[in-house]
Amino acid sequence: MNTPRVENQRASTSVRSPIIVNQLGPDIRAALVDHWSRPLIIDHPADRAPWMLLPKPTCC
């Protein structure tokens with residue numbers, strides 16, 4: 001899976017954006033979206049318990 005990259009403005013290297021599985025709802029998602037690291041946010045389905053893994057994507 002390709003992860004989006006964020007160019008670090010203080011260094012000449014690039015930094016991978018974090019991947020976050022959000023189990024805490026839309027308010028937390030809204031706060032995470034604005035983070036400087038531009039995380040890739042995956043929303044955990046509300047009908048699944050937090051310890052149940054998400055199905056693997058068929059693409060990529």
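**Exercise 1: Confidence**

What is the mean pLDDT of the protein, and what share of its residues reach 70 or more? Then find where confidence is lowest and where it is highest.

*Solution.*
- Step 1: Keep in mind that you are looking at a predicted model. Its mean pLDDT is 77, and 68% of the residues reach 70 or more.
- Step 2: Go through the elements. Strand β1 (residues 5–7) has the lowest confidence, with a mean of 56. Helix α1 (residues 26–33) has the highest, at 92.
- Step 3: Be careful with the weak spots. Where pLDDT is low, the predicted coordinates should not be read in detail.

**Exercise 2: The overall layout**

Work out how many helices and strands there are, and in which order they come.

*Solution.*
- Step 1: Count the elements. You should get one helix and four strands.
- Step 2: Start at the N terminus and write the order down: β-β-β-α-β.
- Step 3: Now check the surface. Of the 60 residues, 15% count as buried. The protein exposes about 5,200 Å², and 58% of that comes from carbon and sulfur atoms.
- Step 4: Look at contacts with a separation of 6 or more. Residues 24 or more positions apart account for 11% of them.

**Exercise 3: Two strands and a helix**

Do β3 and β4 run parallel or antiparallel? Describe the unit they make with α1.

*Solution.*
- Step 1: Find strand β3 (residues 19–22) and trace its pairing with β4. The two strands run parallel, joined by four bridges.
- Step 2: Pick out one pair of facing residues: Asn-22 stands opposite Asp-43 in β4.
- Step 3: Add the helix to your picture. Together, β3, α1 and β4 form a right-handed β-α-β unit.
- Step 4: Try some C-alpha distances. Ile-42 sits in strand β4 (residues 40–43), and its C-alpha atom is 6.0 Å from that of Asn-22, although the two are 20 residues apart along the chain. Pro-45 belongs to the segment after β4. Its C-alpha atom is 7.8 Å from that of Gln-23, with their positions 22 residues apart along the chain.
- Step 5: Check how covered these residues are. Partly exposed means between 20% and 50% relative accessible area. Ile-42 has 28%, so Ile-42 is partly exposed. Pro-45, at 29%, is partly exposed as well.

**Exercise 4: Hunting for a salt bridge**

How many salt bridges does a search of the whole structure find? Name the partners and say what they tie together.

*Solution.*
- Step 1: Search the whole structure, and you come up with one salt bridge.
- Step 2: Name the partners. Asp-43 pairs with Arg-29, and their closest N and O atoms are 2.7 Å apart. That passes the cut-off, which is within 4 Å.
- Step 3: Place them. Asp-43 is in strand β4 and Arg-29 is in helix α1, so the pair ties together parts that are 14 residues apart in sequence.
- Step 4: Buried or exposed? Asp-43 is partly exposed, with a relative accessible area of 39%. Arg-29 is partly exposed too, at 27%.

**Exercise 5: An odd backbone angle**

What is unusual about the phi of Arg-38, and where is this residue found?

*Solution.*
- Step 1: Recall the general pattern. Most residues other than glycine have a negative phi.
- Step 2: Check the residue. Arg-38 is not a glycine, yet its phi is positive, at about 50°.
- Step 3: Locate it. Arg-38 lies in the loop between α1 and β4.
- Step 4: Judge its accessibility. Exposed means over 50%, and Arg-38 has 51%, so Arg-38 counts as exposed.

Technical notes:
Residues are numbered from 1 along each chain as its sequence is written. This is a predicted model: local features need pLDDT of at least 70, side-chain atom pairs count only at pLDDT 80 or more; totals for chains, interfaces and linings use all residues. Side-chain values use heavy atoms; hydrogens and water are left out. Buried means under 20% relative accessible area, exposed over 50%, partly exposed in between (1.4 Å probe, protein chains only). Contact means heavy atoms within 4.5 Å. Accessible areas come from the Shrake-Rupley method with a 1.4 Å probe; for residues, only the protein chains shown count as cover. pLDDT is the predictor's confidence in each residue, from 0 to 100. Two strands pair if DSSP finds at least two bridges between them. A crossover is right-handed if, with the strands pointing away from the viewer, the path from the first strand over the helix to the second runs clockwise. A salt bridge is a side-chain nitrogen of Lys or Arg within 4 Å of a carboxyl oxygen of Asp or Glu.
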